[in-house]
Amino acid sequence: MKSTMRKLLLTAAIAATPLLAATQAAAEGEKYILVSHAPDSDSWWNTVKNGIALAGEQMDVTVEYRNPPTGDLADMARIIEQAAASQPDGIITTLSDYDVLKGPIMAAVDSGVDVIIMNTGTPEQAAEVGALMYVGQPEYDAGLAAGKRAARDGIESFLCVNHYISSPSSAERCQGFADGLGVDLGNQMIDAGQDPAEIKNRVLAYLSANPKTDAILTLGPTSADPTLLALNENGMAGAIYFGTFDLGEEIIKGIKAGVINWGIDQQPFLQAYLPVVVMTNYHRYGVLPGNNINSGPGFVTADGLEKVEEFAGEYR
Amino acid sequence: MSDVSSGDERIKEMSKVRKALMRPELGGIVGTVAVFVFFGLFAFDSGMFNAQGIMNWSVVSAQFMIIAVGACLLMISGEFDLSVGSMIGFAGMMIAIFGVTLGWPMWIAILVTFVICVAFGALNGYIVVKTGLPSFIVTLATLFILRGFTIFIPQTIERKTIIGGIREAAEGDWLAPLFGAKIGAPIFNWLGDMGIIATFERGNRMGEPVVDGIPMLMVWALGLVIFGHWLLTRTRFGNWIFASGGDADAARNSGVPVNAVKIQMFMFTAFCATVFAVCQVMEFGSAGADRGLLKEFEAIIAVVIGGALLTGGYGSVIGAALGALIFGVVQQGLFFAGVESSLFRVFLGVILLAAVILNTYIRRIITGER
């Protein structure tokens, strides 16, 4: 029995060694940790991972990526506490629920770790928790801008396919869009879930129950890709006004084919890349930009898609 | 071995070593030592064992412990509860609705939430006992029902899925500190002053220790473990729990109120989930519709690492608590050790599997069961 135990332990230790060595060998320069709120299933964050990998390589620093596997924000608070305890030079984090995350973030700032807020949250909240700056796209404003654009195109009703209903920033995008159109959000936002088949069928069901819907707004590849399939299936592709947040391979194809009218690029690459660069320069030379950085919104339409297409899902 | 000739194995004398090895928590103890040795070697200077780091994995372990105690007793009595995670989300949301949206005093909100959730637990138990359906299926239904309400109710009332302001609403309340406060602040202040633990370097908390007290969450965890262990090993009711899970018919025939025992265990599991939820909303100040996702499996995993049998009738609360500790230390420790984040689940799975195989192996050798 004893030898079995020893074998098991040895196997575990040996299996772990190369991985541990690999991650620690790179730790020459400063060490930064990026904490996101996204569940493992959200593929959009791949761009963020590529962004920090590139920035880490160029600046010669170590950047680790961490997230709560199920997207549970209470777990995310623990991850931030853990990140602070491991004493990195800086933490880059999203601020998707101010109430939950402000305690851990403020404690990290007070214990001497510099923090930059990226992606979700507002510039005001970032200042409130003592972060150096905010890098991202203010969600409500982006939704509002998109809504106004759609209103100019003659849209009066819409369906918001929300695949991440538990995150307040997702609902803000839909709310902003409704306000931009000048209509009440009401029941026009559906909880689509994360599963592609479920999303597709919920969109189909909504559209057959509400055939007079003018427009569809999706909140990212997770909801946009199945929605594209749904529209191909019920023949509304190209006929219905379709706007989406964020980009991905299928979305680019959709824009090219004329099924999607526009995509809002918040340029997540910049949200991951810039904080690493800013923080490294701050720690090495003491220089810091005087303002928050807005990485978006930029509307991507059928014009000038080439570069976007080449790097969609990787750096775009 | 003097009484072998009498032929009754129940009064057979056993060597102390063999007796010690037969304890269900043996696997948990071995695992705990192994895990600490492992992270001591690979993550010692990563901050995992400074004050902040210890607090970090202790709190996570304590969270697992709270739900593992309930799941453990329920599993020993022969049933499962898959609605634990949904119950956590639901309980937190109820407190937010009652205490913030409706503006009730926080202590009423907490008590009413406990009543509702324990009632759901009783309903789970009642349906299982009356219909004879597997608890797996019944509580799977509850999982969806509760999660659905947790999203629907705030979405309908407040048009959002996260309700904040709980901390502010709980200020000055007499019951809320029982779940959300921290104790032992003077000791930690002293430790900070002595330079034994680090202090904040800047901000309005400058000079205060980075760990300023033991959260009530941990006190609840220890309290529930001690209560559960006492109940299971020192009382007649504890024997009933084992009997109900071991062989329900035999237990019934010898006069054990099996149905009542099972229903009460479902209620206790719901109680533990609610304690978890109340501590969480008091600490974070908001309730969200996604809280507690997959926590039911984490509770069951902790219990199984701790040596309990999925089929019931065998297990230990101390083992479950050690299972929760292992789970918490591994989960947070992998971050400290700097393991590539996408490999995190692979590691977790391997370690869980190793722990369970080890447990089964030890038990077979020791008890001679095939």
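What follows is a friendly conversation about a predicted model with chains A and B.

Biologist: Why are helix 2 of chain B and helix 15 of chain B called roughly parallel to each other?

Modeller: Their axes come within 9 Å and cross at roughly 20°. Angles under 35 degrees count as roughly parallel, and therefore helix 2 of chain B and helix 15 of chain B are given that name. The crossing of these two helices is also left-handed.

Biologist: Which residues make the contact of helix 2 of chain B with helix 15 of chain B?

Modeller: From helix 2 of chain B come B:G28, B:I29, B:G31, B:T32, B:V35 and B:F39. Helix 15 of chain B brings several residues, including B:G319, B:L322, B:G323 and B:G333.

Biologist: How many residues of each class does that contact have?

Modeller: There are eight nonpolar, six polar and no charged residues in the contact of helix 2 of chain B with helix 15 of chain B. Gly counts as polar, so B:G28 and B:G31 of helix 2 of chain B fall in the polar class.

Biologist: Let's turn to the sheet in chain A. What makes strand 7 and strand 12 of chain A the edge strands?

Modeller: Six strands form an open sheet in the order 7-6-8-9-10-12, with mixed pairing. Strand 7 (189-191) and strand 12 (298-300) of chain A each pair on one side only.

Biologist: How do you know that strand 10 of chain A pairs with strand 12 of chain A?

Modeller: Pairing needs at least two bridges, and three bridges join strand 10 (residues 262-265) of chain A to strand 12 of chain A. The definition is therefore met. These two strands run antiparallel, and A:G263 has A:V300 as its bridge partner in strand 12 of chain A.

Biologist: Now the two chains together. Which helix of chain B gives the most to the side that touches chain A?

Modeller: In total, 47 residues of chain B are in contact with 44 residues of chain A. Helix 16 of chain B gives the most to that side of chain B, with six residues. By class, the side of chain B that touches chain A has 23 nonpolar, 16 polar and eight charged residues.

Biologist: What is the predictor's confidence in all this?

Modeller: The complex gets an ipTM of 0.72 and a pTM of 0.79. For chain B, the mean pLDDT is 87, and 93% of the residues reach 70 or more.

Biologist: Where does pLDDT stay under 50 in chain B?

Modeller: That happens over residues 1-5 of chain B. Among the elements of chain B, helix 1 (residues 16-21) has the lowest mean pLDDT, 69, and helix 5 (residues 106-131) the highest, 96.

Methods. Residues numbered from 1 in each chain as written. Chains lettered and ligands numbered in written order. Predicted model: local features only at pLDDT ≥ 70, side-chain atom pairs only at ≥ 80, totals over all residues. Contact = placed C-beta atoms within 7 Å. Helix = DSSP H or I, 4+ residues; strand = E, 2+ residues; numbered from the N terminus. pLDDT = per-residue confidence, 0-100. Axes fitted to C-alpha atoms, helices over the stretch in contact; angles between N-to-C directions. Parallel < 35°, antiparallel > 145°, perpendicular 65-115°, else oblique. Left-handed = near helix turned anticlockwise from the far one by under 90°.
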